[in-house]
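Got your viewer open and a free hand for clicking? Let's take a walk through this chain, one selection at a time.

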Amino acid sequence: MSVQEIALPHAGRAGQATQIEQSRAIAEVYAAAEMARRFPRNVEAARAAMLEACKHKELADRAFFDMPRAGGRVHGASVHLARELARCWGNLSWGVAELSRDDAGGQSEMLAYAWDLETNARASMIFIVPHARDKGGRVEKLPDLQAIYENNANAGARRLRECVFAVLPQWFIEQAKASCVATLEAGNGESVAKRAADAIAGFARLQVTEEDLVARIGRPAAQWTDRDLGQLRVAFTSLRNGETTREEAFPRQAAAVTTTEITAQATAAQATTPTPPAPAAEPGVLRKQVDEILAFARDHQLDEAFVATTLRVLSGRPGDETVTHPGDLTRAEADAVLGELRALAEQHQGNELVMALDALVAARAEQTQDGAR
């Protein structure tokens, strides 16, 4: 048989496995609707489950987002909260699917939906996700399939959040948000003074000073309230997750200089012989390093425990338990870590890169243990 005679599959032709999957999905929908009819939700039980879930700090920490958008800031309830509320409400079908992918055109067609199987309330969105991202004021094409997958997942999560919130009762959402805020403000029963001190120390690792925090809240730390600390917790989570930068979350303004200060500076300059200033370090260097390391971890879906281990081993501080975030490193240590990550990225892509990083960290840790013996 010649090459021309071979019948090749094409995009418009559904294979047997696809047809079986379509039939199975239709059967599942009918079965779910029938179960919802036979076992309707208990609204009070759903509310109790929601309130219990929102009491946990692990959910409250991820319940809100705060990030820059179009010259301003947007904030609200996150997709993590939406998914938990969908679980608590019950008899709700929701999800995200990639309908088609056009590699030549550089885009994917996606579907996000939420469907209340009892009330038949349904919200869905079909949208196009370009295989590109904004970076430094320009559009950059995504480099590989893993990056495309993660970009599609992020875009789908945002639409899914809106679909779930569209079919849930508004009172249910507002009570959940209020409960999560109360959990953040309670701070596991610790005093306001201790939580304020912990907040200052935590932000310091991200190159945010106490003065930055005071400027954002509008009051000195000694006067912060539970609500103030809850807002700072949301900002800290967004900053640590790389959803915003220090400059965007805490813009610094130059302090006004009075006439008296200008006169005093001029007099001092005339009375002393000026000496050439020592060359200053490039501003924001460490912040750029931190952002690059966080972006690497986010792009390759590395969990916090593995990131902490990687930082300790590659920076030469394998036994230092205080290193949990790139901001805990010095500039030299962050440079060393970035050098290793960049070298791996030049040789591997996608899952292979993560496996290579895992092997490198394990090998370095073993070498360290052998040296200690």
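How many bridges join β3 to strand β4 (residues 107–116)? Ten bridges do that job, and the two strands run antiparallel. Two strands pair if DSSP finds at least two bridges between them.

Before the next click, some ground rules. This is a predicted model, where local features need pLDDT of at least 70, side-chain atom pairs count only at pLDDT 80 or more, and totals for chains, interfaces and linings use all residues. Residues are numbered from 1 along each chain as its sequence is written, and side-chain values use heavy atoms, with hydrogens and water left out. As for the names, helices (H or I, at least four residues) and strands (E, at least two) are DSSP runs, numbered from the N terminus.

**The whole chain**

Show everything as a cartoon. The secondary structure comes to 15 helices and seven strands. Of the 373 residues, 35% count as buried; buried means under 20% relative accessible area, exposed over 50%, and partly exposed in between (1.4 Å probe, protein chains only). Contact means heavy atoms within 4.5 Å. Among contacts between residues at least 6 apart in sequence, 61% join residues at least 24 apart.

**The sheet**

Now select β3, β4 and β5. These three strands form an open sheet in the order β3-β4-β5, with antiparallel pairing. β3 (92–102) and β5 (122–130) are at the edges with a single partner strand each, so one side of each has no neighbour in the sheet. Direction ignored, neighbouring strands here are turned by 15 degrees against each other on average. Strands of a sheet pair through backbone hydrogen bonds, either parallel or antiparallel.

Zoom in on β3 and β4. Click R101, and you will find that its bridge partner in β4 is S108. Then click E98: M110 in β4 stands opposite. The hairpin of these two strands has four residues between the strands, and G106 takes a positive phi near 70 degrees there.

Slide over to β4 and β5, which pair in the antiparallel sense over nine bridges. Pick W115 and look across to R122 in β5, which stands opposite. This hairpin has five residues between the strands, and in it N120 takes a positive phi near 65 degrees.

Is β4 largely enclosed or left open by the rest of the structure? Seven of its ten residues are buried, so β4 is largely enclosed. Add helix α5 (residues 145–167) to your selection: α5 lies across β3, β4 and β5 and runs at about 155 degrees to β5.

**Two helix pairs**

Two packed helices are described by the angle between their axes and the distance between the axes. Axes are lines fitted to C-alpha atoms, for helices over the stretch in contact, and angles run from 0 to 180 degrees between N-to-C directions.

Select helix α2 (residues 43–54) and helix α6 (residues 170–186). Their axes come within 8 Å and cross at roughly 25 degrees. The two are therefore roughly parallel (angles under 35 degrees count as roughly parallel, over 145 as roughly antiparallel, 65 to 115 as roughly perpendicular and the rest as oblique). The crossing of α2 and α6 is right-handed; a crossing is left-handed if the near helix is turned anticlockwise from the far one by less than a right angle, and right-handed if clockwise. Turn on side chains: V43, A46, R47, M50, L51 and C54 in α2 meet W171, F172, Q175, A176, S179, C180 and T183 in α6. By class, this contact has nine nonpolar, three polar and one charged residues. Ala, Val, Leu, Ile, Met, Phe, Trp, Tyr, Cys and Pro count as nonpolar, Asp, Glu, Lys and Arg as charged, and the others, Gly among them, as polar.

Next, select helix α7 (residues 192–204) and helix α9 (residues 226–240). The axes of α7 and α9 come within 11 Å and cross at roughly 25 degrees, which makes α7 roughly parallel to α9. Their crossing is left-handed. V192, R195, A196, A199, G202 and F203 in α7 meet D226, L229, L232, A235, F236 and L239 in α9.

**Last stop: two loops**

Find N91 in the loop between α4 (79–89) and β3. Although N91 is not a glycine, its phi is positive, near 50 degrees. At 22% relative accessibility, N91 counts as partly exposed.

Finish at Q207, in the loop between α7 and α8 (210–217). Q207 is another residue that is not a glycine but has a positive phi, of about 65 degrees. With 28% relative accessibility, Q207 counts as partly exposed.
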